[in-house]
Structures are given as structure tokens and as C-alpha cells.
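Reader: I'm new to this, so could you walk me through the empty spaces in this protein? Please take your time over the pockets.

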Amino acid sequence: MTVKPLKGVRVIDFCWVGAGSYATKLLADQGADVIKIESRARLDSLRLSAPFAGGVAGVDRSGYFADRNTNKRSCTINLKTEEGRELARRLVQDCDVVANSFSPGVMDRFGLGWEEVRAINPSVVYLAMSMQGDSGPYRDHRGFGLTISSMVGMHGLSGLPNEIPVGTGTNFPDHIPNPCHAAFAVLAALRHVRRTGQGQYIDLAQTEATISTLGTALLELTVNGSEPGPMGNRHRRHAPHGVYPCRGDDRWVAIAVTTDEQFAALGRVLGLDEPVMARFANESARLAGADELDELIASRSRSEDQVELAERLQRAGIPAGPVRDPRDLIESDPQLAERGHWVRLRHPEMGETIYNAPPFRLSETPTRLENPAPLLGQHTAEVCRDLLGMDDDEIERLTAAGVLA
């Protein structure tokens with residue numbers, strides 16, 4: 001049996017909502033024992049977020065929560081009680097990682113701040129991933145992915161010119177930059193612990209992690225002194241560059257021409273007239289006439305099947321691809337099917353549900369999704385017995401007292 005890469009690493013996970021929960025999911029999916037600390041007194045808002053299985057709301061029926069919490073255990077502890085806080089301190093005393101995504105100061109008020117935790121567990125890796133970090137004039141500001149995208153300028157780069165900012169259509173910071181940076185920082189700190197025995201504090205500012213995605217937009221300002229602004233699907237150097245309608249309802253193909261040779265091939269595939277090809281033979285002419293080119297291409301692409309057209313363009317050496325929707329990805333994408341990307345797990349409340357497999361494959365320590373997201377408090381008694389040495393009478397007493405709730 002293959003040993004998972006992070007087997008033996010225990011994470012006490014105080015994160016909630018998207019970014020923090022996804023960061024610890026990345027660790028859980030690679031074999032870490034991630035114990036998610038929850039409370040019925042204040043539910044993780046993702047448990048109350050659509051979509052719900054079968055359209056029926058419930059704390060154990062959120063697809064959003066399920067996607068962020070595979071392979072974890074759920075333990076309910078009311079941290080507003082002194083006994084609850086003491087139980088949490090006992091758990092962090094014997095773990096490798098403590099993670100939270102609260103605003104600065106929240107964990108301190110629970111008696112679980114960095115100084116308190118490292119006093120009882122000097123080798124702990126302590127991840128704090130607040131919106132603005134643990135210092136600076138905005139340290140106490142709170143927000144979500146939409147707030148972060150707006151504050152760092154991502155909204156200013158998204159959408160169409162001369163229109164209102166539209167953002168990315170999802171809480172992008174919660175899905176990519178913040179959880180991935182956090183997980184990487186935890187792995188680096190664990191490596192340091194293995195070498196020195198010394199734990200450390202990770203102060204991750206989610207705004208700063210998201211700034212890393214702006215890329216060339218920052219260089220445009222710092223090097224050239226200009227602000228790029230939104231461009232829709234257009235490109236600053238290349239044309240045609242966009243998505244074009246195809247046969248059927250809301251079907252599109254993406255085309256990105258980057259050389260004169262590719263444009264010549266595009267003309268042959270679409271059957272563009274010779275005078276048109278001669279007029280737009282070079283890059284500067286295509287950029288100047290981008291609107292006209294888009295209309296010409298759309299007039300030819302509308303009668304085409306999106307997949308067949310994309311394949312013909314690719315065979316001709318032109319960067320192109322069909323614009324997929326979720327149904328396409330799940331039901332008819334041969335690449336994802338071949339790689340076994342979609343994993344179906346049976347959830348005790350939602351039934352069989354679909355999950356993303358990890359997007360990387362490790363040759364010597366392969367992993368797979370084994371357990372769906374936990375029910376609220378599903379593993380409370382198990383954690384209390386196995387890690388805290390409680391008997392059933394003590395568990396029942398604390399449950400009745402609202403401590404394990």
C-alpha cells in the first residue's frame with residue numbers, strides 16, 4: 001500500500017469559508033489528518049451556501065462546502081466556552097499545523113493565538129491567513145474573495161472597456177492564489193521543522209497573494225507609466241484574439257492568432273477572401289482593424305460546430321479551443337475522462353457527488369480522494385476518544401453542556 005506524502009501530519013483547522021478551507025483541503029488530499037473545528041453556535045457560512053444537493057438546503061448538503069473539505073474530519077467545539085477553549089488547547093498541543101483564516105486578534109481572544117500555542121507546542125507551524133495580514137493600517141479589515149479582487153485591482157482589469165468592472169465571475173482569490181500560497185508556505189515551514197525542530201508563524205495576507213496574479217499589468221505601470229485597464233478578450237499585441245459564435249445555443253470557439261503565418265492558416269480554414277487576407281497580412285493592420293476582423297470571423301464561425309472547428313484550427317497550427325461549460329467538462333471532455341479527473345464519492349446526506357481530483361499525479365506516492373466532506377460534528381466523539389482520551393460519559397456530559405456543539 002502506498003503511503004501518502006503527508007501521512008503523519010496532523011492539522012487542527014480553524015479555517016472557514018473558502019480560501020482557508022481550500023488550503024487545508026490541499027493538505028488533507030495528500031494524506032494529512034485535518035481536523036476541522038466547527039461549532040453549531042456559529043456555522044461555517046459555506047455550509048449554508050448554494051448549490052445544495054437536490055435543491056434542498058441543509059448544513060450537510062452544500063456542494064460548495066463539500067468541494068472545500070474532502071478527506072477531513074469534523075469536530076464540533078464551542079470556543080465561546082472555557083471548557084471548549086481548553087479542549088482546543090489540548091488538541092493543538094500535539095499537532096503539526098494550526099490554521100485559521102480569521103481576522104487578526106480572533107484566535108488571541110480564544111486563547112489560541114501564536115504566542116499561546118507555541119508556548120505549549122514549540123514545533124508547531126501556525127498559519128494565519130487574514131485578508132490584509134497581521135500588520136499595517138488595514139489589518140483589522142475583513143472581506144471575502146470579491147472584496148479582495150476589488151481591492152487589489154483585479155476588477156479594474158476585468159470586463160469590457162468603458163463598462164463597469166465585472167470581476168472574474170467567481171471569488172477567484174479563494175480558489176487559486178490564496179489557498180495555493182498558503183499550502184506552499186505550510187510545506188516550506190514543515191520542512192524547516194523537520195530540519196531544526198523549530199516551528200514558525202506564517203502571516204499570509206490574502207490581498208498580497210492575489211496581487212501576484214496581476215502579472216504584466218503591474219509592469220505596464222512601473223515600466224511604461226500607463227495603466228492597462230480592461231480589454232475584454234482582446235490582446236495588446238495580437239489580433240484576432242477573442243471568442244467567436246458557433247452553431248447552437250451559446251456555443252463559442254476561442255481563437256488566438258499570434259503570427260502572420262497563423263493568420264494565413266486561419267484564412268484558409270475559414271475561407272476568407274484574398275483581398276481581406278492581403279489587407280490584414282501584418283500584425284499592425286490586424287490590430288487596427290480588430291473590430292472588422294472579429295465580424296468577418298464570426299460570420300464564418302456561426303455555421304460551424306465548435307469542437308470540429310477548434311480541431312481544424314489546431315491541425316492548421318492555430319491556437320484555438322472550444323469554450324466549455326460545466327456539462328461539457330463532466331460529460332464529454334475526453335482528456336479529463338482519460339486522466340480520471342472526476343471522482344465520485346458517496347456522501348451520507350447528499351448521495352453520490354462529484355469532486356475534482358488533485359490536478360497533479362505523483363509517480364511514487366499517488367493519492368486519490370477517499371472521503372467526502374464530513375457531516376457537521378461527524379467525528380467529534382472519535383476525536384475526543386482517540387486524541388483526548390475521553391470516555392463516553394465525559395463526551396455525553398460535554399455535549400449536554402453545549403461544549404461539544
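**Pockets and a cavity**

Author: Let's start with the largest pocket, which holds about 1,100 Å³ of space. Of the 40 residues lining the largest pocket, Tyr22, Lys25, Asp67, Arg68 and Asn356 sit closest to its centre. Keep in mind that this is a predicted model. Which helices and strand each supply at least two residues of that lining? They're helix H1 (19–28), helix H2 (63–68), helix H9 (177–196), helix H17 (326–332) and strand S11 (351–356). Sort the lining of the largest pocket by class and you get 27 nonpolar, 7 polar and 6 charged residues.

Now hop over to the second largest pocket, with about 820 Å³ of space. Here 34 residues form the lining, and Trp16, Arg42, Ser101, Phe102 and Val106 are the closest to the centre. H1 turns up again, supplying at least two residues to this lining, just as H1 does for the largest pocket. Strand S2 (33–38), helix H4 (106–109) and helix H6 (145–151) each chip in at least two as well. By class, the second largest pocket is lined by 16 nonpolar, 11 polar and 7 charged residues.

What about closed-off space? Searching the whole structure turns up 1 cavity of 30 Å³ or more, and about 40 Å³ of space lies in the largest cavity. Its lining includes Arg47, Asp60, Arg61, Phe65, His347 and Met350. Split by class, the cavity lining comes to 6 nonpolar, 2 polar and 3 charged residues.

Definitions and conventions. Residues are numbered from 1 along each chain as its sequence is written. This is a predicted model: local features need pLDDT of at least 70, side-chain atom pairs count only at pLDDT 80 or more; totals for chains, interfaces and linings use all residues. Side-chain values use heavy atoms; hydrogens and water are left out. On a 1 Å grid over the protein atoms alone, a cavity is a set of points where a 1.4 Å probe fits but cannot get out, and a pocket is an open set with protein on both sides within 12 Å along at least five of seven lines; lining residues have an atom within 4 Å of a point. Grid points are joined across faces, edges and corners, and a volume is the space filled by probe spheres set on the points. Ala, Val, Leu, Ile, Met, Phe, Trp, Tyr, Cys and Pro count as nonpolar, Asp, Glu, Lys and Arg as charged, and the others, Gly among them, as polar. Helices (H or I, at least four residues) and strands (E, at least two) are DSSP runs, numbered from the N terminus.
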